[in-house]
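Hi,

Here is the structure I promised to send over. Have a look at it first, and my notes on what turned up follow right below.

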Amino acid sequence: MPPVPDAATPADPAQLLSALIRCPSVTPAEGGALALLESVLAPAGFMVSRPVFREAGTPDVENLFATIGSGAPHLVFAGHTDVVPPGDPARWSHGPFAGDIADGFVHGRGAVDMKGGIAAFVAAALGYLADRGGAPSGTISLLITGDEEGPSVNGTVKLLDWAAKNGHRFDAAIVGEPTNPKRLGDAIKVGRRGSLSGRITVFGRQGHVAYPHLAINPIPQLTKLIRRVTAEALDEGSERFDPSNLEFVGLDVDNTAWNVIPAEASARFNIRFNDQWTVATLEAWLAARLDEAAGNEIAYELELMEGASESFLTHSAELIDSLTNAVEAVTGRRPELSTSGGTSDARFIKDYCPVVEFGLVGETMHQVDERAAVEDLVALTAIYRRFLDDWFG
Ligand SMILES: N[C@@H](CCC[C@H](NC(=O)CCC(=O)O)C(=O)O)C(=O)O
Ligand SMILES: [Zn+2]
Ligand SMILES: [Zn+2]
């Protein structure tokens, strides 16, 4: 088994990642991952807090905030130690929580999403501090949650509020999510599309399938509504964002019988939307089309779920240029400034300071045989280190 990294020396990112993978931190379990980070950060002089956040109806979640130095500039590295479940371990070439280092890769769940990003920024920060006699010329903080892959209720959103209440003001943030599609240096994320989930429920009248004139079947009515809202594209994209897309993700009819017309049918959807929309304009767009299709004939309800996020774009040229230059200096490639893909905890951080995202190559994230190239971990550490030297320079 690979050794736990030596806390007294700047961490080797591959060894640190291997040790983190051996902590089975499937959301919402802490799995030892935050304790391991604390054991590496505290001896280096970081003040480490481990707040636990709670909310009715959601699991309690452990989080970590570590900070060193004082005053401005205040840089925060952000990320999550929770991971998605591995599925059947027998399908993996290396145990999902074994942390094997073999064939030039660190193997295991979370290798790229995103314990690898954390290992690299911890190694970079420890190296930077060691070279500066233990103190930054400003403040470096680490904001790590155990609730990114889950409901995202007891994680970054509450940790940011906690940090603000404890007097921390950030000037810039880097999230270590895997942002590169194919090769390290492909892309920095400088914004994210918004996300809105909702449900359309059609109310019919339950009845016997042999006597349909005495019932109202909500299923064909629901399909009419679905057809209407999927009949046209939301948009064709904008200057900085991909097109918005609306996807139906579930159909729910509470009926196990073969001879009963059900009373209700509902469809769940998620919309990923660009800067041409807000949650409010999307609601109006949906309502107009649903009303038109429903007329007086279909009784329906549109519900929008809590936790929607608006799109955002980071405008800080200082932050984007510094990171771009660091990526180019190490990889020889100038990264695309991207807003594609899913959302991330940057959607919460952007309310506190400019935020950009850069991490490993995301190709194997959430897959069986997730793995990070050791070479990429070393290069990512060098990129973060270069950024630190430049930012605090
Ligand atoms: N479960 C949470 C957050 C879901 C975040 C998730 N993000 C990714 O998959 C990242 C992929 C990428 O970087 O493109 C998502 O977009 O659904 C919630 O729903 O609140
Ligand atoms: Zn992630
Ligand atoms: Zn993920």
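The shell around ligand 1 has six polar residues, one charged residue and no nonpolar ones. The residues in question are Ser152, Glu177, Gly307, Gly341, Gly342, Thr343 and Ser344. One thing to keep in mind while you read on: this is a predicted model.

Now for the chain as a whole. Its secondary structure adds up to 21 strands and nine helices. The radius of gyration is 24 Å, close to the 21 Å that the globule rule gives for 393 residues, so the chain is as compact as a globular protein of that length. If you want a feel for the dimensions, the C-alpha trace spans about 80 × 45 × 40 Å along its principal axes. Buried residues make up 46% of the 393. As for contacts with a separation of 6 or more, 77% of them are between residues 24 or more positions apart.

Next, the active site. Which residues does UniProt list for it? The unreviewed entry gives Asp82 and Glu148 under "active site". They are spread over 67 residues of sequence and yet cluster in space, with a largest C-alpha distance of 6.7 Å.

Let's take Asp82 to begin with. You'll find it in the loop between strand 5 (74-80) and strand 6 (101-102). Is Asp82 buried or exposed? It has 27 C-beta neighbours inside 10 Å, and 20 or more is what it takes, so Asp82 counts as buried. Leaving out residues up to four places away in sequence, Asp82 touches Ser25, Val26, Thr27 and Pro28, and also Gly146, Asp147, Glu148, Glu149 and Gly150. So the other listed residue, Glu148, is among the contacts of Asp82.

Glu148 sits in a loop too, this one between strand 8 (139-145) and helix 4 (156-165). With 25 other C-beta atoms within 10 Å, Glu148 is buried. Its contacts, again without residues up to four places away in sequence, are His80, Asp82, Gly155, Thr156 and Asp345.

One last stretch to look at: the unreviewed UniProt entry annotates residues 190-295 as "domain: Peptidase M20 dimerisation". Over residues 190-295 the chain is 32% strand and 26% helix, and the C-alpha atoms at the two ends of that stretch are 42 Å apart.

Cheers

Notes:
Residues numbered from 1 in each chain as written. Chains lettered and ligands numbered in written order. Predicted model: local features only at pLDDT ≥ 70, side-chain atom pairs only at ≥ 80, totals over all residues. Helix = DSSP H or I, 4+ residues; strand = E, 2+ residues; numbered from the N terminus. Rg over C-alpha atoms; globule rule 2.2 N^0.38 Å. Buried ≥ 20, exposed ≤ 12 C-beta atoms within 10 Å, placed from the backbone. Contact = placed C-beta atoms within 7 Å. UniProt positions renumbered as here; feature names shortened; annotations may be inferred. Near = placed C-beta within 6 Å. Nonpolar A, V, L, I, M, F, W, Y, C, P; charged D, E, K, R; others polar.
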